[in-house]
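Biologist: I am new to this structure and would like a close look at a single part of it, namely the empty spaces and what lies around them. Could you take me through that slowly, with each term explained as it comes up?

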Amino acid sequence: MNSRLLHINPMQLFQHATRLLLAVVLISVLSACSKQAAPAMHFTDLKGNKVSLEQLKGKVVMVNFWATSCTTCVAEMPEMIKTYDKYHAQGLEYIAVAMSYDPPNYVLNFTETRQLPFMVTLDLEGKLAGSFGDVKLTPTTFVIDKQGNIIKKYVGAPEFSELHQLIEKQIAA
């Protein structure tokens, strides 16, 4: 055993602990203040229409990674439609990204039978999921502010009242 550890001055220990605590608080504050820019990605919907996140600057954007085989994704979709319908005219855009393992005919069928009113895109090669931090879990939803920064990431179904408050705050900004 190190004999130096047995002779630590309690005041020095307190000073070291205080410095460590201040460093942790500073790192937390800095990471909370920093915004992560959304990746510069292009999306192509099921009809061949293209849009980039750069083109959507000035709008609040939700990018939702989902799959037809994901029960939570299917269950949350009616609420996502309501959210889109409620806020689209005020400046919300929504892009539903079907995961690479989701069969395209399943996605097309789901989109048509549920009459999804927003852009649906296939991530056939997994490049979109990779660009958003290698998304593996569905649903995963990113909220992007008007300047193109990711301000919130939901893994699993969001609490929709909280999501709506966030969207309203960002639209008003």
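Modeller: What follows goes through the pockets, then the cavity, and then a few residues of the backbone and interior.

This is a predicted model, in which local features need pLDDT of at least 70 and side-chain atom pairs count only at pLDDT 80 or more, while totals for chains, interfaces and linings use all residues. Residues are numbered from 1 along each chain as its sequence is written, and side-chain values use heavy atoms, with hydrogens and water left out.

Rolling a probe the size of a water molecule over the atoms shows where empty space is left. On a 1 Å grid over the protein atoms alone, a pocket is an open set of points with protein on both sides within 12 Å along at least five of seven lines, whereas a cavity is a set of points where a 1.4 Å probe fits but cannot get out, and lining residues have an atom within 4 Å of a point. Grid points are joined across faces, edges and corners, and a volume is the space filled by probe spheres set on the points.

The largest pocket has a volume of about 240 Å³. It is lined by 14 residues, of which L122, D123, L124, E125 and L128 are the closest to its centre. Strand 2 (42–44), strand 6 and helix 5 are the elements that give two or more residues to this lining, and strand 2 has the largest share, with three residues. Here helices (H or I, at least four residues) and strands (E, at least two) are DSSP runs, numbered from the N terminus. By class, the lining of the largest pocket holds six nonpolar, four polar and four charged residues, where Ala, Val, Leu, Ile, Met, Phe, Trp, Tyr, Cys and Pro count as nonpolar, Asp, Glu, Lys and Arg as charged, and the others, Gly among them, as polar.

The second largest pocket contains about 160 Å³ of space, and its lining includes D45, L46, K47, L108, T111 and E112. Helix 4 and strand 6 each supply at least two residues of that lining, with the largest share, three residues, coming from helix 4. Its residues divide into six nonpolar, one polar and three charged.

Turning to enclosed space, there is one cavity of 30 Å³ or more, and the largest cavity has a volume of about 40 Å³. Around the largest cavity are L53, L56, K57, K59, V61, I144, D145 and G148, a lining of four nonpolar, one polar and three charged residues.

Some loop residues also deserve a look. Most residues other than glycine have a negative phi, and most peptide bonds are trans. Q115, in the loop between helix 4 (104–113) and strand 6 (119–122), has a positive phi near 50°. Q115 counts as exposed because its relative accessibility is 65%, given that buried means under 20% relative accessible area, exposed over 50%, and partly exposed in between (1.4 Å probe, protein chains only). D134, in the loop between helix 5 and strand 7, has a positive phi of about 60°, and at 44% relative accessibility D134 counts as partly exposed. P139 is in the loop between helix 5 (127–131) and strand 7 (140–144), and a cis peptide bond joins T138 and P139, with omega about -10°.

Finally, T83 lies in helix 3 (residues 71–87) and counts as buried, at 0% relative accessibility. Leaving aside residues up to four places away in sequence, T83 touches M62, L92, F160, L163, H164 and I167, contact meaning heavy atoms within 4.5 Å.
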